[in-house]
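Reader: Please give me a close look at the closed space inside this model. I would like its lining set out with care, followed by the open pocket, the charged pairs and the strands and helices that help to picture the interior.

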Amino acid sequence: MTDEDDVKKSKSKEVCGYPLSIFFIVVNEFCERFSYYGMRAVLVLYFRYFLRFDDDLATSIYHTFVALCYLTPILGAIVADSWLGKFKTIIYLSIVYAIGQVVMAVSAIHDITDTDRDGTPDNLTLHIVLSMVGLLLIALGTGGIKPCVAAFGGDQFQDHQAKQRSTFFSVFYLCINGGSLLSTIITPILRGQECGIHSQQKCYPLAFGVPAALMVVALVVFIIGSGMYHKTEPQGNIMLDVCKCIGFAIKNRFRHRSSSYPKRTHWMDWAEEKHEKLLIAQIKMVLKVLFLYIPLPMFWTLFDQKGSRWTLQATTMDGNFGSLILQPDQMQTVNPILILTLVPIMDSVVYPLIKKCGLNFTPLRRMTVGMFLAAMAFVAAALVQIQIDKTLPTFPSSSQSQLKLLNMGSIPLTVTLPNNDPFVIEAATASANYLTFEEESIQVSFQSPAISRTISLAKNKRQTLLIPSNLSAPMWEVTDDVMAKPEQGANAIRFVNGMAGAVNVSTFGSIDYSSASNYSLISNGKATFIITNGANTCKYSREFGFGSSYTLLIPSHFVWGLTCSESISGVEDIQPNSFHMGWQIPQYFLITCGEVVFSVTGLEFSYSQAPSNMKAVLQAGWLFTVAIGNFIVLIVAEIAQIEEQWAEFVLFASLLVAVCVIFSIMAYFYTYMDPAEIEAQFRDKDGTEESDKEELQMQKKDFVDHHNEDDEAKQSKM
């Protein structure tokens with residue numbers, strides 16, 4: 001650092017011993033993290049329910065985006081250190097970032113292409129293109145500024161402010177977790193609202209719009225403080241020097257591959273002809289750590305599925321926590337809450353206790369335990385999925401049909417169907433379950449009165465036979481029922497009119513005699529419907545859970561009056577989500593414990609084993625393992641095509657256990673280093689060589705000077 005830099009820093013304003021400029025940086029980081037994690041929290045549901053991707057494609061696109069977010073920091077670091085500097089890099093890429101967030105918010109406005117105003121976009125291609133462009137800009141922006149903001153904040157402190165600098169970094173990372181926690185609580189709530197110009201749908205524009213607004217705020221706040229910042233000039237990027245040195249070593253080794261050339265201790269020694277021995281020794285130390293990074297991507301493969309597979313799993317669960325209703329994407333808040341709780345517990349209680357027990361819990365052993373805990377988290381997720389699958393309906397195959405019988409009359413009916421024993425359907429109720437048939441048509445017989453009807457069935461469909469109170473009626477209606485669990489925890493509801501005249505039901509419209517209305521999606525909670533025939537009105541209320549389907553029957557013996565709602569019966573076609581979302585907490589607890597033990601320890605270990613000027617290289621390598629881990633999810637989701645979700649969870653857990661064993665073997669043979677000591681040895685050698693060179697140079701100089709004096713004497717004599 002030059003004297004001029006010290007003068008500039010000393011002139012910067014201070015508050016409570018801290019440079020005023022860092023307050024702008026801290027606010028900027030909080031807003032940026034809120035923007036990123038808020039958008040990411042609802043992203044997989046946006047793919048699934050707005051863009052209509054299936055689970056595998058939604059998961060693949062989500063993890064591709066996350067992988068890009070962890071690849072672009074390498075580009076951002078090179079641009080900042082070699083070309084623009086940290087300040088300009090943050091400004092320019094934040095603009096790109098904010099534009100990407102705005103584009104994402106615009107892509108979620110269904111009214112843009114909803115020409116028929118039915119609440120569904122008519123041109124999904126436009127929305128997909130906009131969202132992909134937006135995500136690409138966001139990945140470039142968030143990844144590009146990731147390595148710059150914290151380092152830029154550290155540049156604002158003078159050498160005597162080491163304590164304040166340390167406090168700044170603590171507050172900085174607190175802002176990261178605070179922004180993550182608040183955004184994963186707020187944006188799912190915004191998504192759960194309904195908004196729109198012509199039709200009301202889930203409010204993804206608001207869920208993306210608020211993070212976009214926060215990113216604009218982050219940019220404006222950062223620009224406001226520009227006059228107070230200490231801005232260092234680009235001084236070159238060590239990663240480029242490392243790549244050049246490794247490239248030269250490989251090329252030089254290939255040129256001298258003949259056995260006639262003597263072997264060297266390490267393949268990096270082939271770079272000695274062009275590069276300093278100190279740099280080569282530093283790269284050797286880094287490569288030794290990077291070799292240990294090879295198994296690490298599998299941990300991130302499991303860890304980052306919190307925002308994809310686990311969120312999709314939560315959509316099939318019951319989020320009712322009494323007075324609190326959790327959205328599926330809000331379960332991700334468990335992770336930052338546990339991080340803020342577990343980090344101090346691990347540092348102040350668990351690790352000291354293990355040390356007191358006389359156990360040598362080295363960093364590499366901690367990382368091994370972290371990987372094992374993550375694998376156990378996916379075993380827990382598989383067990384949860386097995387229980388969920390037991391509650392899911394079994395739909396007919398392409399060669400089957402399923403039928404349910406609904407008795408709209410006021411007397412019980414005894415029914416006989418092919419390959420089934422006779423059974424009784426009580427008045428104003430339906431058969432207990434759907435009955436599966438292979439035939440294209442079946443004979444339905446009643447004992448009293450003795451009547452038979454031939455009913456045609458549709459393959460690969462669920463249907464309900466509406467049995468009128470007058471069995472002699474010429475037409476019996478067969479309705480098509482829902483063939484999938486209602487999305488986003490909504491409830492598919494319809495009314496059936498068994499009365500002798502038409503009725504009008506709020507939300508559903510007019511329903512003729514012995515007919516069914518269309519389905520409407522109703523949110524969880526209490527819903528109230530108004531039934532009227534023009535002269536009379538009846539109010540009917542009912543509580544709904546998550547993900548159910550009901551047929552609400554207005555029976556033939558319905559009577560208007562104060563107790564009219566008591567005669568309306570509900571037939572459960574698809575049971576609501578009954579397995580509680582709280583059962584996901586154990587898997588979140590295990591994965592977060594794994595993260596604390598693995599990630600924090602891994603960074604600490606890497607920094608302790610790397611030379612002082614190679615921290616950025618290891619940071620790039622660490623982020624690269626995260627990106628590779630997300631690409632592994634992409635490969636498994638698209639190629640493996642495992643039908644059972646629990647089996648996929650078990651596969652990931654098994655892979656991580658296998659990798660965990662490999663990593664433990666690698667860790668066993670790893671020898672810990674002291675980079676400072678190794679660097680000092682090479683500096684001493686270089687110093688000795690340099691002094692020898694200087695002495696030799698002085699001798700040469702004396703010889704030349706003496707020789708010149710002799711020449712001058714000879715010339716004067718001549």
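Author: On a 1 Å grid over the protein atoms alone, a cavity is a set of points where a 1.4 Å probe fits but cannot get out, whereas a pocket is an open set with protein on both sides within 12 Å along at least five of seven lines, and in either case the lining residues are those with an atom within 4 Å of a point. Grid points are joined across faces, edges and corners, and a volume is the space filled by probe spheres set on the points. The model is predicted, so local features need pLDDT of at least 70 and side-chain atom pairs count only at pLDDT 80 or more, while totals for chains, interfaces and linings use all residues. Residues are numbered from 1 along each chain as its sequence is written, and side-chain values use heavy atoms, with hydrogens and water left out.

By this rule there is 1 cavity of 30 Å³ or more, and the volume of the largest cavity is about 40 Å³. Its lining is made by Ala314, Thr315, Met317, Gly319, Pro328, Gln488, Gly489, Phe546, Asn577 and Met581. These residues divide into 5 nonpolar, 5 polar and no charged, where Ala, Val, Leu, Ile, Met, Phe, Trp, Tyr, Cys and Pro count as nonpolar, Asp, Glu, Lys and Arg as charged, and the others, Gly among them, as polar.

The second largest pocket, by contrast, has charged residues in its lining: 8 residues are nonpolar, 8 polar and 11 charged. About 840 Å³ of space lies in this pocket, which 27 residues line, with Arg48, Asp55, Thr316, Gln385 and Leu392 nearest its centre. Two or more lining residues come from each of helix 3 (43-50), helix 4 (55-84), helix 12 (309-314), helix 14 (363-391) and helix 17 (645-668); helix 12 gives the most, with 3 residues. Helices (H or I, at least four residues) and strands (E, at least two) are DSSP runs numbered from the N terminus.

The charged pairs come next. Side chains of opposite charge can pair when their charged atoms come close, and a salt bridge here is a side-chain nitrogen of Lys or Arg within 4 Å of a carboxyl oxygen of Asp or Glu. The structure holds 14 salt bridges. Arg48 and Asp55, which were named at the pocket, are linked with Arg52 and Glu487 in a network of salt bridges.

Asp56 and Arg309 meet in a salt bridge of 2.7 Å, N to O, and the pair links distant parts of the chain, with Asp56 in helix 4 and Arg309 in helix 12, 253 residues apart. Both Asp56 and Arg309 are buried, where buried means under 20% relative accessible area, exposed over 50%, and partly exposed in between (1.4 Å probe, protein chains only).

Another such pair is Lys404 and Asp573, whose closest N and O atoms are 3.4 Å apart; Lys404 lies in strand 7 (residues 401-407) and Asp573 in strand 23 (residues 569-574), 169 residues away along the chain. Lys404 counts as buried because its relative accessible area is 2%, and Asp573 is buried as well, because its value is 7%.

Strand 23 leads on to strand 22 (residues 549-554), to which it is joined by 5 bridges, the two running antiparallel; strands are said to pair if DSSP finds at least two bridges between them. Thr551 stands opposite Val571 in strand 23. Strand 15 (residues 491-497) runs parallel to strand 22 and is joined to it by 6 bridges, with Ile493 having Tyr550 as its bridge partner. In a regular strand the side chains alternate between the two faces of the sheet. Both faces of strand 22 are covered, since Ser549, Thr551 and Leu553 on one side are buried, as are Tyr550, Leu552 and Ile554 on the other. Because 6 of its 6 residues are buried, strand 22 is largely enclosed by the rest of the structure.

Helix 2 (residues 21-41) is also largely enclosed, because 17 of its 21 residues are buried. Helix 10 (residues 277-292) has 16 residues and reaches 23 Å from its first C-alpha to its last, close to the 22 Å expected at 1.5 Å a residue, that expected span being 1.5 Å times one less than the number of residues. The buried residues of helix 10 include Leu278, Ile280, Gln282, Met285 and Val289.
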